[in-house]
Amino acid sequence: NILLQIFDDGRITDSKGRVVNCRNALFIMTSNLGSPELLSHKGELSKETVLAIVDPIIKAHFRPEFVNRLDEILPFLPLQEKDMEKIVLIQLRQVEKRLTEKDITLTWTADVLSHLAREGYDPTFGARPLKRLIQHTVVNMLSNAILKGEIENGNAVELRFVENTLMYEKMEHVPEPTS
């Protein structure tokens, strides 16, 4: 009902009679409606397929006067395994940036990306488990090595995946930055 007031009048009034002008506001709302149905769907989903699945669910959940005031419904497509390596790369670059502040150069091999993407992929929870995985495996490992003095300022470190184990190796020379 509050959103209907905003959408109809372009303003909202609180319990003390104060009015907030919302005429130039943009409202972006998110929902997990239809998530179980999308997760049970096999294969890659297109925007049209997602909308066909969630449209009846949205209409059943929200009143028609609310749905009719929405300008557009933009579905988020579920993450696929192929998307995960890009997300791993973003997360590792954040770790790399943190280490650069300590004058430590970090690089990694392609199999590290593949391993983290595979282990961090969960179709139910998206990329959230990946962030925890990187924290527990990469950041904790490197932090412990720094605290023990095994990695010092000015060192170059390369992450490797050897015999099903994620490990680091101090490099004698500073390698080219990972792309």
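Which residue in strand 4 is the bridge partner of Thr105? Hold on to that question for a moment, everyone, while I set the scene. What you have in front of you is a predicted model, and I'd like to walk you through one sheet and two helices that lie across it.

So, the answer: Thr105 has Ala156 as its bridge partner in strand 4. A second pair is Thr107 with Glu158, again in strand 4. Both belong to the pairing of strand 3, residues 105–108, with strand 4, which is parallel and runs over four bridges.

Now look at the other neighbour of strand 4. Strand 5, residues 165–171, pairs with strand 4 in the antiparallel sense, over seven bridges. Ala156 turns up again here, since its bridge partner in strand 5 is Met171. Strand 4 and strand 5 form a hairpin with two residues between the strands, and in that hairpin Glu163 takes a positive phi near 50°.

Put those pairings together and you get an open sheet of three strands, in the order 3-4-5, with mixed pairing. Strand 3 and strand 5 are at the edges; each has a single partner strand, so one side of each has no neighbour in the sheet. From one strand to the next, the twist averages 25°.

And strand 4, is it mostly covered or mostly open? Mostly covered: of the seven residues in strand 4, which spans 156–162, five are buried.

Next, the helices. Helix 6, residues 110–120, lies across strand 3, strand 4 and strand 5, and runs at about 60° to strand 4. Helix 7, residues 128–148, also lies across strand 3, strand 4 and strand 5, at about 40° to strand 5.

How do these two helices meet each other? A quick reminder: two packed helices are described by the angle between their axes and the distance between the axes. For helix 6 and helix 7, the axes come within 9 Å and cross at roughly 130°. That angle is neither over 145 degrees nor within 65 to 115, so helix 6 and helix 7 count as oblique to each other. Their crossing is right-handed.

If you'd like to find the contact on your screen, go to Leu116, Glu119 and Gly120 in helix 6. They meet Pro129, Leu130, Leu133, Ile134, Thr137 and Val138 in helix 7. By class, that contact of helix 6 with helix 7 has six nonpolar, two polar and one charged residues.

That's my tour, thanks for listening!

Note on methods
Residues are numbered from 1 along each chain as its sequence is written. This is a predicted model: local features need pLDDT of at least 70, side-chain atom pairs count only at pLDDT 80 or more; totals for chains, interfaces and linings use all residues. Side-chain values use heavy atoms; hydrogens and water are left out. Buried means under 20% relative accessible area, exposed over 50%, partly exposed in between (1.4 Å probe, protein chains only). Two strands pair if DSSP finds at least two bridges between them. Axes are lines fitted to C-alpha atoms, for helices over the stretch in contact, and angles run from 0 to 180 degrees between N-to-C directions. Contact means heavy atoms within 4.5 Å. Angles under 35 degrees count as roughly parallel, over 145 as roughly antiparallel, 65 to 115 as roughly perpendicular and the rest as oblique. A crossing is left-handed if the near helix is turned anticlockwise from the far one by less than a right angle, and right-handed if clockwise. Ala, Val, Leu, Ile, Met, Phe, Trp, Tyr, Cys and Pro count as nonpolar, Asp, Glu, Lys and Arg as charged, and the others, Gly among them, as polar.
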